[in-house]
Amino acid sequence: MSAHLPAITLVTGAASGIGAAIVGALVREGGRVVAIDRDERALAALSAQRSISVFPADVRDPAALVAIVEQVERELGAIDGLVHAAGVLPLGAICDAPESALRDALAVNVEGLWSIARALAPRMIRRARGAIVTISSNAGATPRVGMGAYCASKAAATMLTRCLALELAPHGIRCNVVSPGSTDTPMLRRMLDGASPSELVRGRPDAFKLGIPLGRVAAPEDVAQVALFLLSERARHVTLQDVRVDGGATF
Ligand code: NAD
């Protein structure tokens with residue numbers, strides 16, 4: 001294991017896209033990963049690797065998260081790293097979206113973070129060490145057309161992480177946000193619904209999307225590398241920060 005990274009890191013949303021890239025990067029660095037996802041089938045594909053312990057679970061179930069943390073720490077040891085990557089993207093204009101859209105976004109993107117942080121942070125406090133990274137979105141700070149529920153939930157996730165960072169700093173625990181822009185994952189492909197990613201690179205003024213100055217959609221690995229830095233001791237004096245990984249799309 002890299003001396004700079006937590007020996008054990010818990011990753012939610014581990015079975016796909018950005019979460020899966022973070023799991024892969026941690027394993028390549030020699031770390032052990034506790035992988036949580038509600039997609040049991042996709043998660044099973046990870047279980048072949050000895051350094052990954054998979055737990056099919058829904059982050060909307062606080063009791064399940066507490067039980068997983070308790071079991072892992074009893075059987076494997078202290079979880080010193082946490083990444084909340086699980087997320088959902090309900091689409092639709094605020095006046096047209098289903099009534100449940102905001103509730104759905106908040107339940108996973110915000111309450112999921114609230115619950116997993118509350119399951120793990122008290123243990124990190126007792127040990128006076130740990131690093132937490134939330135995968136939020138540049139949409140948490142930049143309004144978008146047709147993404148009101150998502151934008152509001154990501155703004156809340158970012159602020160929740162920063163408040164947590166303040167409360168945990170006296171215990172030597174760092175909490176930071178990674179805010180990706182358009183990243184080539186199943187979530188983005190579903191949003192594009194067959195349209196070309198190049199449209200996102202050029203920009204869509206009707207959706208308040210200004211384009212991507214670096215000229216390409218991110219790969220999940222681009223986001224993973226920043227998350228790993230923030231988890232690592234190399235970032236030992238970095239907390240409360242929101243790092244955009246969006247090719248310059250927002251600032
Ligand atoms: P993805 O859909 O490929 O992966 C998300 C994973 O989260 C899936 O495996 C899904 O099963 C899991 N998940 C969803 N709800 C869950 C729940 N209730 N409990 C447990 N697991 C759950 O999406 P992605 O693009 O990899 O997104 C990862 C994170 O990055 C999300 O928080 C997303 O909002 C954020 N993000 C993505 C983009 C992008 O362009 N792809 C941009 C900005 C932010």
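**View 1. Polar contacts hold the focus here, with Arg190 and the ligand at the centre.** In this predicted model, a polar side-chain atom of Arg190 sits 2.9 Å from an oxygen atom of the ligand. Lys154 also places a polar side-chain atom 2.8 Å from a ligand oxygen. At Asp58, an N or O atom of the side chain lies 2.8 Å from a nitrogen atom of the ligand. Taken alone, the ligand exposes 830 Å², and the protein buries 95% of that (accessible areas by the Shrake-Rupley method, 1.4 Å probe).

**View 2. Here is the shell of 30 residues that surround the ligand.** The closest are Ser16, Ile18, Asp37, Tyr150 and Thr185 (near means a heavy atom within 4 Å). The shell divides into 13 nonpolar, 10 polar and seven charged residues, with Gly counted as polar and Asp, Glu, Lys and Arg as charged. Helix α6 gives the most, with four residues (helices are DSSP runs of H or I, at least four residues).

**View 3. Now turn to Asn109, found in helix α4 (residues 101-127).** Asn109 is buried, with a relative accessible area of 1% (buried means under 20%, 1.4 Å probe, protein chains only). A polar atom of the Asn109 side chain lies 3.0 Å from the backbone nitrogen of Val88 (a polar contact is a pair of N or O atoms within 3.5 Å; within protein, one must be able to donate a hydrogen and the other to accept it, and residues adjacent in sequence count only if both atoms are side-chain atoms).

**Notes.** Residues are numbered from 1 along each chain as its sequence is written, and side-chain values use heavy atoms, without hydrogens or water. Local features need pLDDT of at least 70 and side-chain atom pairs pLDDT 80 or more, while totals for chains, interfaces and linings use all residues.

How values were computed: Helix = DSSP H or I, 4+ residues; strand = E, 2+ residues; numbered from the N terminus. Buried < 20%, exposed > 50% of the residue type's maximum accessible area, 1.4 Å probe, protein only.
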